[in-house]
Amino acid sequence: MAASPRGGARGAKTTKAAIPQLAWHEIRPAPVILLSGPEDFLADRASRLLRDALRDRDPSLEVHDLTADGYGPGELLTLASPSLFGEPRLIRVENVEKTTDAFLLEMIDYLESPAEDVVVVLRHGGGVRGKRLLDAVRSGTGGAVEVACSELKRDSDRAEFAAAEFRHAQRAIAPAALRSLVSAFTDDLAELAGACQQLLADTTGDITLETVARYYGGRVETNAFAVADAAIAGDYGQALGLLRHALATGADPVPMVAAFAMKLRTMAKVGGSRGSGGQLAGSLGLAPWQIDRARRDLQGWNEEGLGRAILAVADADAQVKGAGRDPVYSLEMLVRMVAARGLPVG
């Protein structure tokens with residue numbers, strides 16, 4: 001499926017792409033790969049698929065990360081130069097839409113003669129900055145391919161994405177279950193993917209409508225991540241209202257506590273780290289978008305409060321799984337404590 005360049009200024013001329021246009025799941029090795037479009041989650045997925053494919057081909061693969069907006073002259077050529085043992089290399093460059101002139105010029109020169117056994121991945125999220133480089137890549141110089149990472153706005157596109165998650169895991173999901181799952185996560189592709197992975201991890205056999213209802217019932221209007229997001233942001237009133245609506249429409253307390261656990265543990269991993277999401281992704285075992293989101297969530301929190309909140313989640317998890325008599329009360333107390341940024345509540 002061909003994808004036209006996005007983000008150009010009105011009336012600006014664009015170079016018609018003379019290179020293969022691929023969907024994110026079709027990514028394949030090439031001397032240069034352009035990941036274009038605003039959907040960071042799909043770009044990260046495509047990048048990881050490529051890395052895994054290259055490692056399957058040669059486990060000695062070296063992976064290097066650069067940022068185009070913080071680029072130092074000569075970095076690209078240094079990393080692309082032949083190594084002593086001839087290991088293949090994957091060079092991933094983030095923030096090309098904010099590129100410095102140094103990277104732009106050196107990358108354009110690099111396209112004239114790409115290094116052997118090196119794959120350079122360029123991540124461009126949109127906008128006109130770096131257009132000269134995009135035009136050079138799309139002209140066919142350097143043997144590049146382009147992977148479109150456009151937003152999945154239609155339900156049919158999101159359903160296709162979710163279905164692929166289950167196909168990849170060799171698990172079947174009933175059509176009605178798929179529709180219900182997609183309708184419960186209409187706002188955030190990353191959360192839809194997380195829901196798919198939770199179902200795969202926590203269940204066996206085919207995914208039925210009953211399975212989805214047990215985990216995500218009543219979440220067409222409200223979902224566990226919306227409750228967790230509101231509480232983590234300190235908005236107790238909104239979080240409590242969302243929680244009560246979700247429970248009234250059939251949401252299960254267990255996955256709701258799991259959403260809090262997932263987000264708070266990610267925040268704890270990211271807290272105090274330095275560097276861009278792309279630079280830290282490998283060492284933290286997280287995707288760049290997860291790191292960026294966790295940093296936003298951490299605003300207003302301190303280390304002590306975060307630790308208390310994580311302990312509260314562990315207690316609430318036990319309570320809703322049978323250790324307590326009133327799982328709804330346990331959830332409400334968890335929401336209250338998290339909204340207070342980990343401060344004790346009476």
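In the predicted model, Leu90 is located in strand 4, which spans residues 89–94. The residue is buried, its relative accessible area being 0%. Beyond the residues up to four places away in sequence, Leu90 touches Leu50, Arg51, Leu54, Leu61, Glu62, Val63, His64, Val119 and Val121. By contrast with these contacts, a separation of 35 Å between C-alpha atoms is found for Leu90 and Leu178, which lie 88 residues apart in sequence.

Strand 4 is also one boundary of the loop that holds Asn95, the other being helix 3 (101–112). Asn95 is not a glycine, yet its phi is positive, at about 60 degrees. Most residues other than glycine have a negative phi. With a relative accessibility of 21%, Asn95 counts as partly exposed. A positive phi, near 60 degrees, is likewise computed for Gln170, again a residue other than glycine. Gln170 belongs to the loop between helix 5 (155–168) and helix 6 (175–184). The relative accessible area of Gln170 is 76%, and the residue is therefore classed as exposed.

Two helix pairs that share helix 9 were examined next. Two packed helices are described by the angle between their axes and the distance between the axes. Helix 9 (residues 224–232) and helix 11 (residues 253–270) have axes that come within 8 Å and cross at roughly 50 degrees. Helix 9 is thus oblique to helix 11. The crossing of helix 9 and helix 11 is right-handed. On the side of helix 9, the residues involved are Ala224, Phe225, Val227, Ala228, Asp229, Ala231 and Ile232, and these meet Pro255, Met256, Ala259, Phe260, Met262, Lys263, Leu264 and Met267 of helix 11. Sorted by class, the residues of this contact comprise 13 nonpolar, no polar and two charged.

The second pair is formed by helix 9 and helix 15 (residues 327–339), whose axes are 7 Å apart and pack at an angle of about 40 degrees. Helix 9 and helix 15 are therefore oblique to each other. Val227, Ala231 and Ile232 of helix 9 make this contact with Val335, Val338 and Ala339 of helix 15. The contact of helix 9 with helix 15 contains six nonpolar residues, with no polar and no charged ones. Val227, Ala231 and Ile232 thus appear in the contact with helix 11 and also in the contact with helix 15.

Individual positions in other helices and loops were also characterised. Gln319 lies in helix 14, which covers residues 303–323, and at 22% relative accessibility Gln319 counts as partly exposed. When neighbours within four places in sequence are set aside, Gln319 is in contact with Gly324 and Ser330. Gln319 and Ser330 are eleven residues apart along the chain, and their C-alpha atoms are separated by 6.6 Å.

Thr211 is placed in helix 8 (residues 209–216). A relative accessible area of 8% classes Thr211 as buried. Apart from neighbours within four places in sequence, Thr211 is in contact with Leu199, Thr203 and Asp206.

Ala287 occupies the loop between helix 12 (277–284) and helix 13 (288–297). At 6% relative accessibility, Ala287 counts as buried. The contacts of Ala287, neighbours within four places in sequence being left aside, are with Asp44 and Ala281. Between Ala287 and Lys269, 18 residues apart in sequence, the C-alpha to C-alpha distance is 12 Å.

Cysteine pairing was assessed last. A disulfide is a covalent bond between the sulfur atoms of two cysteines. With a cut-off of 2.5 Å between cysteine sulfur atoms, the count of disulfides is zero. Cys149 is in no disulfide, and the nearest cysteine sulfur, that of Cys196, is 18 Å away. For Cys196, the closest cysteine sulfur is that of Cys149, and no bond is possible because the separation of 18 Å is too far. Cys149 is buried, with a relative accessible area of 0%, and Cys196 is buried with a relative accessible area of 0%.

Conventions. Residues numbered from 1 in each chain as written. Predicted model: local features only at pLDDT ≥ 70, side-chain atom pairs only at ≥ 80, totals over all residues. Heavy atoms only, no water. Buried < 20%, exposed > 50% of the residue type's maximum accessible area, 1.4 Å probe, protein only. Axes fitted to C-alpha atoms, helices over the stretch in contact; angles between N-to-C directions. Helix = DSSP H or I, 4+ residues; strand = E, 2+ residues; numbered from the N terminus. Parallel < 35°, antiparallel > 145°, perpendicular 65-115°, else oblique. Left-handed = near helix turned anticlockwise from the far one by under 90°. Contact = heavy atoms within 4.5 Å. Nonpolar A, V, L, I, M, F, W, Y, C, P; charged D, E, K, R; others polar.
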